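The following report describes selected local features of one protein model. The sequence and the structure are shown first.

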Amino acid sequence: MPMVWVAVIAGLTPALVGVTDVFDGAEWIRDPVFDGIEVIDLFHKADADKPALSGPRHVHTCFRKVIELPASPAKAVLAVTGDDYYKLYMNGAFVVQGPEPAYPSQHPYYLLDVTDALRAGQNCLAAHAYYQGLLNRVWNSADNRSGFMLALDVTFPSGRTARYVTDATWRCRRLDAFPEDRTIGYQTQFAEDIRMDAIPAGWRSAGFDDSGWDAPLTGRQDHVFVEQPTPPLQVRRAEPVLVKDKGDGRFFYDFGTELVGCTRIRLHGPTGHTIEVRHGEELLGPDEVRFDMRANCTYQEFPVLSGHDDLIEFYDYRAFRYIEILNAPAEPEVWVDVRHHPFDAAASRFDASDDVLARIWELCKNGVRYGAQGVFVDCPSREKGQYLGDTLIVSRSHLTLTAAPTLSRKAIADFQASQRICPGIMAVAPGSFMQEFTEYSLQWPMLLRNYLWATGDTEFATRMADAAFPAFFAYFAEYESDAGLLVGGAGKPILVDWPKNLRDDYDLECSRERENAVVNAFYYASYRAAADVLTALGRDASAC
């Protein structure tokens with residue numbers, strides 16, 4: 001039997017390289033605050049009894065490990081994942097963030113080449129992991145599933161290999177720099193009144209002393225891991241196009257267009273000094289930001305300075321154009337780490353002699369770009385959720401603008417996976433907020449048809465049709481009248497003329513108990529789309 005070189009370096013657990021489980025030998029590590037906290041099953045029909053929520057919320061945790069490499073790697077491949085979210089750094093430099101939203105039965109990991117991020121000698125692997133704990137459309141959170149895991153396979157120029165994994169020898173520290181206070185949007189995110197003195201300076205670098213940090217909890221939860229079907233988010237630095245010093249510590253920044261990203265503020269001031277940061281999409285007056293936005297988001301936060309050279313890094317993303325800073329002790333340096341699904345702006349072009357029309361095109365194009373945040377969010381501010389009805393439109397636009405299929409393919413699979421909750425498909429997926437609308441569910445076959453027509457991807461379309469169509473149409477058939485029409489909402493709420501104050505006296509309640517024209521128009525369109533898919537696949541269209 002040939003010898004296999006196994007590394008035991010810097011106290012890491014040894015593991016074989018080249019095994020089929022990309023995380024073989026790796027432990028799922030968690031903040032000790034979750035010790036004894038049980039996972040909550042949050043998946044249910046929208047009208048079913050809801051489980052009681054308990055457990056931590058708004059948990060920011062630093063994980064780190066220093067490894068010693070005998071030489072610069074010839075190749076280094078990283079498998080990494082977390083729950084709800086993580087930002088990974090190597091030797092102080094940002095590497096990747098993720099994972100993108102998914103159900104725990106299909107929990108994604110990235111497989112990345114990180115050769116250039118490592119060097120001979122000491123290397124620091126550091127992750128800022130986050131568990132939100134809110135019941136919303138963003139993540140599968142509030143379920144007490146949390147943690148972080150990686151496996152790093154390194155090949156050296158000599159041909160030797162080593163594997164470095166997360167295990168009990170890693171160190172962790174819960175950050176109390178993010179006080180749990182106000183939420184933004186529809187319980188979408190927490191405000192970040194960051195206390196800079198509570199963030200350990202230099203914790204992402206090898207020379208940092210973590211001897212006072214804790215050992216993490218180890219042991220996997222019930223995730224089933226799959227490789228992330230989409231590439232990592234594209235991140236770029238955006239500078240303001242206009243900066244104004246308004247006097248008395250007030251500064252105004254205009255980025256020239258709507259952005260989605262995480263704000264960065266570099267500033268030095270007295271220990272305990274509080275500044276105010278306002279984000280917004282509109283102005284209330286000259287250089288005055290409307291931070292109490294129309295989207296039910298109050299983008300007003302109060303970071304506290306440490307007395308040293310601070311780099312304030314907002315963890316969660318916001319949608320805005322303007323920033324206003326008040327009570328600044330000196331002029332700050334401000335930029336935004338803009339984020340979105342990879343988007344080649346040069347892949348599509350629209351020429352028009354009418355400048356207004358050209359600007360409308362760019363506005364809409366940017367809306368598609370910034371609405372692609374690992375899933376097709378209905379908006380990147382108030383809800384940040386992937387709604388099926390919204391996705392039908394945005395997916396088609398995204399495919400037209402980019403010809404890139406991965407995000408549309410993920411969306412289709414996300415909604416198919418929601419059949420574990422309801423065979424008739426959920427209105428928003430993935431996520432821990434259980435929401436259903438009849439008309440949205442009925443649009444899933446249209447989403448699959450549009451994808452197939454745009455890409456010609458028969459393998460994926462076949463797999464999705466076979467997985468979804470039988471249970472999908474059997475579910476709705478249970479609610480048909482003798483005439484073959486759906487009665488009411490087929491066990492789901494109806495969205496027609498919602499909300500109530502905009503119905504123009506339409507009797508929606510009555511329609512929930514009898515045949516509804518709009519619902520049945522979608523029902524017909526759903527069958528028509530399924531038949532188109534089966535025909536394109538060379539199948540019997542009557543099979544659905």
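## Backbone features, helices and a pocket

Pro-430 is situated in the loop that runs between α3 (406-417) and α4. The model is a predicted one. The bond joining Ala-429 to Pro-430 is a cis peptide bond, with omega of about -10°. A second cis peptide bond leads from Asp-83 to Asp-84, where omega is near 0°. Asp-84 belongs to the loop between β3 (75-83) and β4 (85-90).

Most residues other than glycine have a negative phi, and most peptide bonds are trans. Against that background, two alanines may be noted. Ala-142 has a positive phi near 65°, and its place is in the loop between β7 and β8. With a relative accessible area of 4%, Ala-142 is buried. Ala-490 has a positive phi of about 55° although it is not a glycine; this residue is found in the loop between α6 and α7 (508-511). Ala-490 is also buried, its relative accessible area being 1%.

Two further loop residues are buried. Leu-42 is located between β1 (29-30) and β2 (59-69), and its relative accessibility of 4% lies under the 20% cut-off, so it counts as buried. Outside its neighbours within four places in sequence, Leu-42 is in contact with Pro-51, Leu-53, Leu-135, Ser-141, Ala-142, Asp-143, Ser-432 and Met-434. One of these partners is thus Ala-142, the residue with positive phi. Leu-42 and Leu-135 are separated by 93 residues in sequence, yet their C-alpha atoms are 9.0 Å apart.

Ser-146 is in the loop between β7 (121-131) and β8 (147-155). At 2% relative accessibility, it counts as buried. Leaving aside neighbours within four places in sequence, the contacts of Ser-146 are Trp-28, Arg-30, Phe-34, Asp-83, Tyr-131 and Gln-221. Among them is Asp-83, from which the cis bond to Asp-84 extends.

Two helices are set out below.

| Helix | Residues | Expected span | Distance between end C-alpha atoms |
|---|---|---|---|
| α1 | 355-370 (16 residues) | 22 Å | 22 Å |
| α8 | 517-536 (20 residues) | 28 Å | 28 Å |

For α1, the span expected at 1.5 Å a residue agrees with the distance between its end C-alpha atoms. The corresponding values for α8 agree as well.

At the start of α1, a side-chain oxygen of Asp-354 comes within 2.9 Å of the backbone nitrogen of Val-356. The buried residues of α1 are Lys-365, Asn-366, Val-368, Arg-369 and Tyr-370. They pack against β15 (234-238), β17 (250-268), β24 (333-340) and α2 (388-402).

The N-terminal end of α8 is capped by Asn-516, with a side-chain oxygen 2.9 Å from the backbone nitrogen of Val-518. Buried residues of α8 include Val-519, Asn-520, Tyr-523 and Ser-526, as well as Val-533 and Leu-534. The packing partners of the buried residues in α8 are α4 (438-441), α5 (444-455) and α6 (458-477). Just after α8, Gly-538 has a positive phi of about 75°.

The largest pocket holds about 380 Å³ of space. It is lined by 17 residues, of which Met-196, Ile-199, Pro-200, Ala-201 and Gly-202 are the closest to its centre. Strand β22 (residues 309-313) contributes the most to this lining, with four residues. By class, six lining residues are nonpolar, five are polar and six are charged.

Key:
Residues numbered from 1 in each chain as written. Predicted model: local features only at pLDDT ≥ 70, side-chain atom pairs only at ≥ 80, totals over all residues. Heavy atoms only, no water. Helix = DSSP H or I, 4+ residues; strand = E, 2+ residues; numbered from the N terminus. Expected span 1.5 Å × (residues − 1). Buried < 20%, exposed > 50% of the residue type's maximum accessible area, 1.4 Å probe, protein only. Contact = heavy atoms within 4.5 Å. Polar contact = N/O pair within 3.5 Å; in protein donor to acceptor, adjacent residues only side chain to side chain. 1 Å grid on protein atoms, 1.4 Å probe; cavity = no way out; pocket = protein on both sides within 12 Å on 5 of 7 lines; lining within 4 Å. Points joined across faces, edges and corners; volume = space filled by probe spheres on them. Nonpolar A, V, L, I, M, F, W, Y, C, P; charged D, E, K, R; others polar.
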